[in-house]
Amino acid sequence: MNFNIFTARPKESDNKASHKLIAHMVGQLLLFEPLLLLACCGVSLWYGEEDWKAFLISLSACALVSVTLLIYGRNSSDTASRTEGYIVVAFSWVFYTLFGMMPYVVGGYIPSVADAFFETISGFTTTGATILNNIEQMPHGILFWRSLTQWIGGLGIVCFTIILLPGFGTSGQMLFSSEATGVTHDKIHPKTRIMARYIWTIYCIITALETVLLIAGGMGVFDALCHAFTTTSTGGFSTKQASVAYWNSPFMEYVISLFMLFSSVNFSLYFIAVKGHFRQVWHSVELRWFLASVGVLTIIITLTLIWQNGYGVEEAFRKAFFQMSSLHTSCGFATDDYNLWPPFTWMLILFAMLSGGCTGSTSGGIKSLRLAIIAICIKNQFRQILHPHAVLPVRAGKMFDNKVVTTVLAFFATYFVLIFVGCLLLMLLGVGFTEATGTVVSAMGNTGPGLGKFGPAYTWALLPDAGKWILSVLMIIGRLEIFGFLLIFYPPTWRGSWA
């Protein structure tokens, strides 16, 4: 089978997409989901539970569709345009979700299709919002699958397959960029497959370290591995209904808080640090912006909890640090119900959910680098009024040209338009203003908990089915950074695709 499928096509063909080529590429990428389902089948058999049957049926259906897509597209061209690359990434995520929800439905663990799709897309996009009210009654295979979907989705489904598929060639960077989050994409190695391998190696090391520390803190091996999966992916699914609060362990809270932050740092900075360029790491404008934001919010909320809620100093700091780390990194774990905090802190919480972590990490949200660029643009606007003829560059660690700045501003504007539309639609379905705002911001930022009735102490099960579908779409839009997914709904994308 020829895997060299992502070489660049001439620019004149970049405005249309070939259905057969897309089917062939998605079929190839889909070949790996049965292996993931097989791993969960093994977990089920290890614990002697019956959910292996649901996994076996699901992986068989996935393999069948994958082969069908490969056969359908077998006579397609071997090259892909930039447009086709974006479409393949979007469709791959949708197909992975459709087959990923099958174990829930087939096994009867989540009978509703709307609920099962919601739970699965929440996993793959590392949002972490759940409709389950009986997590601890679920078999080990299902719990492992929930965590595994987040771990694979953290760095990206396609990024994962780039390591396993040989022969991506120079255009692997194009596909990698279509899925990766960020303003620009640092190229730490000329070959995309090797670059992806470096990133996944760092990802695995962080996961392994956290697993060991959680076990040392008293967590069982299974729970520790699942929580390490969902922490390093900044996903937030837990094996317990009460989330991390179940263990009531300050040690675990501090460990998970730190690893949420570690996972929200641009992974290329770890590679730079390994090379010994620590000064370059520290001078990262985005990293300092992100850490300063988490630090300031933590201090403000710590003081508030001491003053208004009567918390002790250490407890106030720990709860504030954990929750700000969780929300700012879009992880979504909870150890305290912030609905009971003073209402003004909710605005700080929304800011953290909107901001997210760093580009090139597993976190969601707008990203700190974009916020830094927007802040510089605002500052430059004041300076431009005072000095109309001045040429004012946008420099956030490095110079950004007008094209990048325009893209950032377009992203920012579209982000808030989608939040407005999402809130409006949910309110039309009868969801309250606070709940609509919290869930939409959370879904777009891939954060997890919302506000009000859908805050950290509650699940999202009471949402109407239509609301769950709306939020599911917003989750994948947020994960693929808006334009990469919305492109498939843009009519010129498909113009001439039947030719």
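Colleague: Which residue meets the side chain of Arg 146 in a salt bridge?

Modeller: This is a predicted model: local features need pLDDT of at least 70, side-chain atom pairs count only at pLDDT 80 or more, and totals for chains, interfaces and linings use all residues. Residues are numbered from 1 along each chain as its sequence is written, and side-chain values use heavy atoms, without hydrogens and water. A salt bridge is a side-chain nitrogen of Lys or Arg within 4 Å of a carboxyl oxygen of Asp or Glu. At 3.0 Å, N to O, the partner of Arg 146 is Glu 119.

Colleague: How many residues apart are Arg 146 and Glu 119?

Modeller: The salt bridge of Arg 146 and Glu 119 links distant parts of the chain. Helices are DSSP runs (H or I, at least four residues), numbered from the N terminus. Arg 146 sits in helix 7 (residues 140-155) and Glu 119 in helix 6 (residues 113-124), a separation in residues of 27.

Colleague: Is Glu 119 buried or exposed?

Modeller: Buried means under 20% relative accessible area, exposed over 50%, and partly exposed in between (1.4 Å probe, protein chains only). Its partner Arg 146 has 1% relative accessibility, so Arg 146 is buried. Glu 119 is at 0%, and therefore counts as buried.

Colleague: How many salt bridges are there by this rule?

Modeller: Some join up: Glu 253, Glu 314, Arg 318 and Lys 319 are linked in a network of salt bridges. By the same rule, the count of salt bridges is nine.

Colleague: How many residues apart in sequence are Glu 481 and Lys 367?

Modeller: Their side chains meet in a salt bridge, at 3.3 Å from N to O. Glu 481 lies in the loop between helix 21 (465-479) and helix 22 (483-486), and Lys 367 in the loop between helix 17 and helix 18, so the pair ties together parts whose separation in residues is 114.

Colleague: How far apart are the closest N and O atoms of Glu 481 and Arg 370?

Modeller: Both Glu 481 and Arg 370 are buried. Lys 367 is buried too. Glu 481 forms a salt bridge with Arg 370, the closest N and O atoms being apart by 2.7 Å.

Colleague: Where is Arg 370?

Modeller: The salt bridge of Glu 481 and Arg 370 links distant parts of the chain, 111 residues apart. Glu 481 is in the loop between helix 21 and helix 22, while Arg 370 is in helix 18.

Colleague: Which residue in the loop between helix 21 and helix 22 has a positive phi although it is not a glycine?

Modeller: Most residues other than glycine have a negative phi. This residue has a phi of about 70 degrees. Its relative accessible area is 0%, so it is buried. The residue is Ile 482.

Colleague: What is the phi of Ser 330?

Modeller: Ser 330 lies in the loop between helix 16 and helix 17. With a relative accessible area of 0%, Ser 330 is buried. Its phi is positive although it is not a glycine, at about 65 degrees.

Colleague: Is the crossing of helix 17 and helix 20 left-handed or right-handed?

Modeller: Axes are lines fitted to C-alpha atoms, for helices over the stretch in contact, and angles run from 0 to 180 degrees between N-to-C directions. The axes of helix 17 (residues 344-355) and helix 20 (residues 433-444) come within 9 Å and cross at roughly 25 degrees. A crossing is left-handed if the near helix is turned anticlockwise from the far one by less than a right angle, and right-handed if clockwise. This one is left-handed.

Colleague: Is helix 15 parallel or oblique to helix 16?

Modeller: Helix 15 (residues 285-308) and helix 16 (residues 313-328) pack at about 140 degrees, with axes 8 Å apart. Angles under 35 degrees count as roughly parallel, over 145 as roughly antiparallel, 65 to 115 as roughly perpendicular and the rest as oblique. That makes helix 15, relative to helix 16, oblique.

Colleague: How far apart are Ile 366 and Leu 354, C-alpha to C-alpha?

Modeller: Ile 366 is in the loop between helix 17 and helix 18 (368-386). At 2% relative accessibility, Ile 366 counts as buried. The two residues are twelve apart in sequence, and in space 6.0 Å.

Definitions and conventions. Helix = DSSP H or I, 4+ residues; strand = E, 2+ residues; numbered from the N terminus.
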